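I opened my notebook to look up three things here: cores, strands and empty space. The entries follow in the order I made them.

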Amino acid sequence: MASSEHPSYTLINISMDVEPPNEITLKGIIENGDTKARTDALKNLIYMILNGEKMPGMLMSVIRFLLPMQDHTIKKLLLIFWEIVPKTHPDGKLLQEMILVCDAYRKDLQHPNEFIRGSTLRFLCKLKEAELLEPLMPAIRLCLEHRHSYVRRNAVMAIFTIYKNFDFLIPDAPELIHTFLEQEQDASCKRNAFMMLIHVDQDRALDYLSTCIDQIHSFGDILQLVIVELVYKVCHTNPSERARFIRCIYNLLQSSSPAVRYEAAGTLVTLSSAPTAIKAAASCYIDLIIKESDNNVKLIVLDRLIALKEDPAHEKVLQDLVMDILRVISASDLEVRRKTLDLAMDLVSSRNVEEMVLVMKKEVSKTHNVGEHEDTGKYRQLLVRTLHSCSVKFPDVAAQVIPLLMEFLSDTNELAAADVLVFVREAIQRFEQLKPLIVNKLLEVFPSIRTVRIHRAALWILGEYCTTSEEIQSLMNEIRNSLGEIPIVEDEMRKAAGEDTEEETVTISSQKRQLTEMGTYATQSALSATAPKKEAESRPPLRGFLMNGEFFVGASLATVLTKLALRFIELNKDTKKQNAFLAEAMLIMATVIHLGKSGLAKKNITDDDLDRIATCLRVLAERHSLMSEIFSKECRNSLQTLILTKQAEEKEQQKGSDKKQVSVQADDPINFLQLIAKADNGSTEDQLTMSLSLATMGASAKKEMHDISASKLSKVTQLTGFSDPVYAEAYININQYDIVLDVLVVNQTADTLQACSLELATLGDLKLVEKPQPLTLAPHDFCNIKANVKVASTENGIIFGNIVYDVSGAANDRNVVVLNDIHIDIMDYIIPASCTDQEFRSMWAEFEWENKVTVNTNINDLNEYLKHVLRSTNMRCLTPEKAISGECGFMAANLYARSIFGEDALANVSIEKPSNSSPETAVCGHIRIRAKSQGMALSLGDKINLSQKKDKGSRS
């Protein structure tokens with residue numbers, strides 16, 4: 001079997017632009033050329049051998065003419081050449097010529113230049129032939145005593161590798177390196193020597209560590225990292241040694257190197273669950289986050305802290321460190337702040353919640369002093385939500401939080417202000433004792449609100465919860481001030497005609513004496529006219545909104561006035577006052593309708609808003625007891641039901657996330673370590689080994705081992721036909737940001753295929769990382785070629801290409817086998833996600849790419865079709881289950897998902913089934929998809945269309 005992956009440690013980029021020279025030409029240049037020409041010839045020879053060319057005739061030419069040269073570039077290239085060149089006969093015996101090579105490298109190991117010695121020692125680490133290494137052992141031993149640390153540390157690594165592969169060549173290696181370690185002063189040499197002892201003789205490594213355990217704080221960071229690894233391995237295999245070395249780990253927590261402190265903290269948590277150990281490790285993590293400037297490092301260490309919190313025993317210890325954790329929010333990155341606040345919110349208790357609120361107050365005041373930035377508004381929103389959660393979790397602090405949050409209502413940033421109103425609505429409903437405080441504070445900040453959405457919501461809350469005569473009158477005064485003089489239409493027309501009561505004022509400025517050009521004094525007086533302010537600037541807020549065509553706030557105002565009027569009638573028994581209040585409320589509604597129909601506003605009033613205001617007018621005119629009951633009580637009950645439903649949903653989600661998994665059941669079988677399979681090793685596996693395997697094999701390696709048919713075989717794509725001279729199939733392994741194609745290539749002919757190469761190209765936002773190297777295939781031989789494709793965004797992509805090869809001995813042109821296209825599915829990059837209704841609406845308005853898909857299926861049930869779409873697109877339904885339950889013949893739902901690249905995908909499903917249709921009638925309607933990029937919107941639409949057709953075909 002041939003393979004494109006030779007047992008080589010050196011990766012070389014091969015340029016395919018020029019045709020490589022033949023063997024005779026190369027031999028001539030190597031024998032007679034100058035140094036530069038010989039260097040280029042040796043490079044070409046290395047390229048040709050890597051391509052599978054066999055050149056046994058070149059071996060002696062290289063030994064005779066290149067091996068004696070002292071040029072450093074030639075020597076470096078020769079190390080690569082001897083690494084890849086075949087060194088044995090087909091029967092496995094060593095080539096006679098290699099004795100000369102061995103003698104040359106024995107001389108290089110005694111060379112006065114430390115670079116040549118060191119690079120030769122590094123080369124010896126890659127040799128797998130004991131016969132070549134045996135004559136070099138005395139020279140390698142002598143290198144341990146060389147004056148230069150570069151030579152000594154590479155000598156240690158050479159001895160380590162040789163002892164690991166051929167221990168009979170140097171049986172006293174552990175003792176030799178232990179002696180070397182005790183005498184060595186260089187940090188890198190000590191690190192290599194200590195690492196060798198860890199892997200080949202842990203007892204000697206522990207003996208050395210015991211002798212210098214008090215001096216480890218003075219060691220270099222590279223040696224300290226190896227010491228952490230040793231302590232972890234020893235304590236993992238022999239738990240009785242923990243007490244002996246736990247102090248060593250504590251000392252390393254104070255290291256000057258962040259990497260050492262991070263590893264030491266992780267090791268300490270693994271070795272000990274004592275509260276002091278957890279507290280020390282957590283404090284170390286917090287200190288690292290604060291001092292480290294890289295946001296990626298901050299997030300990684302934060303994840304470690306969050307993982308610590310998952311253990312109930314550790315959670316109590318971390319609760320005492322909440323204030324230290326909050327120091328992390330001084331970071332500038334929004335994601336770091338979000339994770340920190342979430343962690344602090346999970347850990348905060350009644351003991352330190354007041355201190356946390358004080359910190360939040362300081363952060364809120366800081367955001368007011370900072371210039372407006374995209375992240376500033378989001379950070380304010382984050383602070384508001386955290387304070388909201390604090391108040392709900394600990395009602396005692398709500399009185400401190402509410403006055404602070406009210407200041408956000410006058411902010412131009414709608415995100416934070418909207419969250420404040422959501423919190424205020426919940427607080428005023430849940431905490432009866434806080435109602436007077438909230439109402440008074442809301443009335444106080446009401447005139448300063450400048451955004452229509454916040455104004456409308458604040459108005460609704462005040463209208464619902466102003467229950468005393470004083471509060472009702474105060475709110476009416478605010479409404480009058482916010483509307484200005486009424487009727488609005490007449491007032492606006494007077495202003496437009498210039499009949500406003502504010503006349504231009506003419507003033508004469510005080511006389512001033514000025515010096516003229518002639519040097520005499522002159523007196524000057526000035527006549528100035530002060531024009532009235534522009535109408536748009538002088539308009540009160542509510543009138544300004546109405547003039548801009550925002551009549552939804554007018555409909556909300558009508559509802560508020562109706563509630564206030566009905567409540568005022570109940571509280572005040574004076575008929576004259578009742579009629580006056582009712583008349584004023586109805587006049588305000590009538591003037592809003594008049595303005596909406598007059599054409600003075602930028603947009604006319606909509607039919608929905610008009611119907612709402614007209615209904616409110618009729619309710620006040622008739623004052624029916626049923627309508628009074630609806631406006632006075634049923635609206636409040638609906639709000640109560642909404643809040644309770646949301647609380648129940650949050651509790652349900654929290655229950656799902658808080659479910660503690662039982663690691664070992666009472667009736668589970670006992671697994672003996674000696675008998676257990678490696679794949680089932682579980683928690684007893686060495687974490688260092690496990691992390692290395694995850695990094696090299698991917699997270700799904702263990703799963704795939706158990707269910708090959710469900711994972712690997714389903715991802716195999718046939719690229720050529722069985723009758724083609726070259727058969728190829730690819731296993732597609734998708735790893736987040738890149739795709740690995742493992743292509744099996746089979747030579748089905750009786751000829752040798754030379755320079756057989758896989759040529760690939762991509763369509764879409766895919767990029768081929770490196771071109772696969774050509775190789776030679778023997779008759780009926782096969783090999784595996786791997787190709788990496790980088791993925792940059794979420795959209796459907798296509799990989800296409802062909803296999804090109806030459807037939808040995810044939811004079812014709814190169815042969816080409818065209819491959820089938822490989823389609824990359826967008827679903828591999830999309831994961832379900834969740835967001836608030838406000839965030840969904842904001843993104844829906846912001847995203848510019850929309851794809852409207854017509855429903856074309858034979859599914860005849862609305863809920864079943866929605867579930868089918870969710871399965872096909874990996875999206876999550878944001879519309880609550882209760883809102884889409886029941887049978888009404890119509891359904892509207894919002895869907896949301898996010899790609900691994902951080903791209904958002906929104907969808908709105910609007911489907912119906914007419915009530916007069918038969919049960920077999922298919923669902924009809926539309927699905928609108930919105931995304932920031934065109935590719936995302938189109939790819940999701942194609943996926944939905946394809947799934948509909950598949951479903952239809954399978955059912956028919």
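**Entry 1: a strand and its partners**

I began with strand β9 (residues 766-768), which is joined to β11 by three bridges, the two running antiparallel. I keep in mind that this is a predicted model. Within that pairing, I found Leu766 bridged to Val791 of β11.

Next I looked up β7 (residues 738-747). β7 also pairs with β11 in the antiparallel sense, over nine bridges. There, Leu744 stands opposite Asn784 in β11.

Which residues of β11 (residues 782-791) are on its covered face? I listed Cys783, Ile785, Ala787, Val789 and Val791. The uncovered face holds Phe782, Asn784, Lys786, Asn788 and Lys790. I noted the general rule beside this: in a regular strand, side chains alternate between the two faces of the sheet.

**Entry 2: the cores**

I then looked for nonpolar cores. The largest has 216 residues. Trp82 and Phe194 have the most contacts inside this core. Helix α31 (residues 552-571) supplies its largest share, 11 residues. A second, separate core has 30 residues, including Leu758, Leu777, Ile799 and Ile824. The general background is that nonpolar side chains tend to be buried together in soluble globular proteins.

I went back to Trp82 and asked what it touches, not counting residues up to four places away in sequence. My list reads Leu59, Val62, Ile63, Leu67, Lys87, Met98, Val101, Tyr105 and Phe123.

**Entry 3: the cavities**

How many cavities of 30 Å³ or more does a search of the whole structure find? I count three.

The largest has a volume of about 80 Å³. Its lining is Leu67, Lys75, Leu78, Leu79, Tyr105, Asp108, Phe115, Ile116, Ser119 and Thr120. Two or more lining residues come from each of α4 (72-84), α5 (98-108) and α6 (114-124). α6 gives the most, with four residues. By class, I noted six nonpolar, two polar and two charged residues.

The second largest cavity holds about 60 Å³ of space. I met Trp82 again in its lining. The others there are Lys87, Met98, Val101, Cys102, Tyr105, Phe123, Leu127, Leu132 and Leu136. For this cavity α5 gives the most, with four residues. The lining has nine nonpolar residues, no polar ones and one charged one.

One last cross-check: Tyr105 lines the largest cavity and the second largest, and Tyr105 is also touched by Trp82.

Notes: Residues are numbered from 1 along each chain as its sequence is written. This is a predicted model: local features need pLDDT of at least 70, side-chain atom pairs count only at pLDDT 80 or more; totals for chains, interfaces and linings use all residues. Side-chain values use heavy atoms; hydrogens and water are left out. A nonpolar core is a set of buried Ala, Val, Leu, Ile, Met, Phe, Trp, Tyr and Cys residues joined through side-chain atoms within 4.5 Å. Buried means under 20% relative accessible area, exposed over 50%, partly exposed in between (1.4 Å probe, protein chains only). Contact means heavy atoms within 4.5 Å. Two strands pair if DSSP finds at least two bridges between them. On a 1 Å grid over the protein atoms alone, a cavity is a set of points where a 1.4 Å probe fits but cannot get out, and a pocket is an open set with protein on both sides within 12 Å along at least five of seven lines; lining residues have an atom within 4 Å of a point. Grid points are joined across faces, edges and corners, and a volume is the space filled by probe spheres set on the points. Ala, Val, Leu, Ile, Met, Phe, Trp, Tyr, Cys and Pro count as nonpolar, Asp, Glu, Lys and Arg as charged, and the others, Gly among them, as polar.
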